Amino acid sequence: MKGFFASGFFAGARRLFLGNTDILQDVASQNLGRLAYIIPIAALVHLLHVILFGMMTPSSDAEALWRAGVIGVHFAGMIGMALFYAVLLGIRRRGQTEGRAARWLPNIIILVVLLEAMALVTFDQHVTSNITPFVVICAIMAVVILIRPWLSLAFYLLAYLLFYIGMGLIQPLPEIVLTNRVNGLSAIAVGICASLILWQTNKRNVIQQRKITDQQAKLEKMNQELAALSETDELTGLANRRRFNKTLADELARHIRSGEPLALIMTDIDHFKLYNDLLGHQAGDDCLRRVAAAHQKCAGRPYDLAARYGGEEFTLILPYTHAAGAVRIARVLQDELAALKIFHPAPETQGIVTLSMGIVSLAPTQDVTAEDLIGYADAALYASKSGGRNRFTVSDCRRC
């Protein structure tokens with residue numbers, strides 16, 4: 001039983017102190033944001049200390065040594081903060097916020113500040129038993145900068161070791177040495193505990209935020225898929241009538257602003273009712289899918305749109321396309337369909353499935369509507385069907 005609890009304890013300690021590598025980047029980003037405010041404030045505090053202590057007139061050799069030591073530590077701290085801030089700006093300017101320097105800069109600052117606090121209280125022992133700077137810095141560093149647990153433990157223990165030695169070297173009174181060492185131990189214990197609590201709290205927050213972000217991403221993906229399904233024809237995979245209407249309206253508005261020509265091709269499978277009657281609806285569905293694939297192939301540009309308009313009717317929206325360009329696309333579509341050689345058993349046909357097409361291309365003005373474009377293309381389609389099918393007709397609307 002003891003072995004079980006011991007193994008559980010060590011496993012938990014290992015996860016606490018050596019794990020957590022999956023949140024290091026999030027921690028680095030948070031620390032860099034905090035340091036952008038903390039470093040200038042710390043540099044200002046150091047400067048004020050240098051000025052205040054520089055204005056003092058020591059009354060003894062011990063006080064002179066103390067004053068010189070304190071000024072030296074604060075001056076070095078001020079220079080150090082300026083260098084750290086320059087490094088921070090360099091990291092941000094180069095966009096290296098995910099690099100090793102971004103992760104280690106906060107750790108180095110913590111170690112330097114802890115050692116600085118230890119040096120200050122050591123010099124203080126020349127004239128006083130005060131260790132307030134060490135206690136305050138241990139608490140502040142624990143709550144303002146996120147640090148990995150094993151580093152927190154190592155840094156605080158190193159600072160206390162030097163603090164312990166410094167008390168014995170400088171403070172002449174044994175009872176003060178003991179008191180300060182005990183109080184210093186309490187200070188680092190509080191610092192370590194606060195640092196661990198902050199780290200674990202942040203870890204839970206990061207993990208929770210990631211779960212929320214993942215859930216939001218999944219919901220967004222589902223919404224996009226649902227939106228795609230709502231605008232996709234289930235049988236053919238082309239855009240459905242809803243997406244066609246929206247795209248045509250958007251393109252029309254864009255072309256009215258630009259003055260560029262917008263082309264629309266409407267197609268109809270010749271004698272498709274006979275095809276269904278003679279071969280059945282399952283064959284008819286397969287025919288629709290193959291014809292749809294030919295339309296999709298002809299919508300070669302990213303902004304072209306092939307859509308199923310309804311039944312056996314299809315459309316091609318061709319932005320920035322003159323009538324001659326639309327005619328070329330119509331011929332390509334005829335060739336694609338001819339290459340498929342979809343058998344049509346009706347005697348009214350040429351033995352294969354063919355298309356009748358109506359084409360319109362115009363540079364729309366404010367008085368042109370989507371219904372106008374559809375009407376022009378539909379009239380041209382009707383002319384193709386009336387003229388014998390398996391052909392295309394370009395609308396003779398006055399605006400073309």
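**Entry 1: contacts and overall form**

I began with the contacts in the protein and found that, among those between residues at least 6 apart in sequence, 73% join residues at least 24 apart. I note here that the model is a predicted one.

I then went through the secondary structure and listed twelve helices and five strands in the protein. The radius of gyration came to 39 Å, whereas the globule rule gives 21 Å for 400 residues, so I recorded the protein as more spread out than a compact globule. Along the principal axes, the C-alpha atoms fill a box of roughly 120 × 60 × 30 Å.

**Entry 2: surface and charge**

I looked up burial next, and buried residues account for 40% of the 400 residues. The exposed area of the protein is about 21,300 Å², of which carbon and sulfur atoms supply 61%. For the charges I had 38 positive and 33 negative, and their mean positions lie 8 Å apart.

**Entry 3: salt bridges**

Searching the whole structure, I obtained eight salt bridges, and I wrote up some of them in detail.

I took the pair of Arg210 and Asp26, which form a salt bridge whose closest N and O atoms are 2.5 Å apart. This pair links distant parts of the chain, since Arg210 belongs to helix α7 (residues 174-230) and Asp26 to helix α2 (residues 24-54), with the two positions 184 residues apart in the numbering. I marked Arg210 as partly exposed because its relative accessible area is 30%, and Asp26 is likewise partly exposed, at 28% relative accessibility.

I turned to Asp233 and Arg308, whose salt bridge has its closest N and O atoms 3.4 Å apart. Here too the pair links distant parts of the chain, 75 residues apart, with Asp233 in the loop between α7 and α8 (241-258) and Arg308 in strand β2 (residues 305-310). Which side of the burial cut-off do these residues fall on? Buried means under 20% relative accessible area, so Asp233, at 14%, counts as buried, and Arg308, at 16%, counts as buried as well.

I also checked Lys246 and Asp250, whose side chains meet in a salt bridge at 3.3 Å, N to O. Both residues lie in helix α8, four residues apart, which is about one turn of the helix. Lys246 is partly exposed, with a relative accessible area of 48%, and Asp250, at 36% relative accessibility, is also entered as partly exposed.

Conventions:
Residues are numbered from 1 along each chain as its sequence is written. This is a predicted model: local features need pLDDT of at least 70, side-chain atom pairs count only at pLDDT 80 or more; totals for chains, interfaces and linings use all residues. Side-chain values use heavy atoms; hydrogens and water are left out. The radius of gyration is taken over C-alpha atoms; the globule rule is 2.2 Å times the number of residues to the power 0.38. Buried means under 20% relative accessible area, exposed over 50%, partly exposed in between (1.4 Å probe, protein chains only). Contact means heavy atoms within 4.5 Å. Accessible areas come from the Shrake-Rupley method with a 1.4 Å probe; for residues, only the protein chains shown count as cover. Lys and Arg count as positive and Asp and Glu as negative; His and the chain ends are not counted. The place of a charge is taken as NZ of Lys, CZ of Arg, CG of Asp or CD of Glu. A salt bridge is a side-chain nitrogen of Lys or Arg within 4 Å of a carboxyl oxygen of Asp or Glu.
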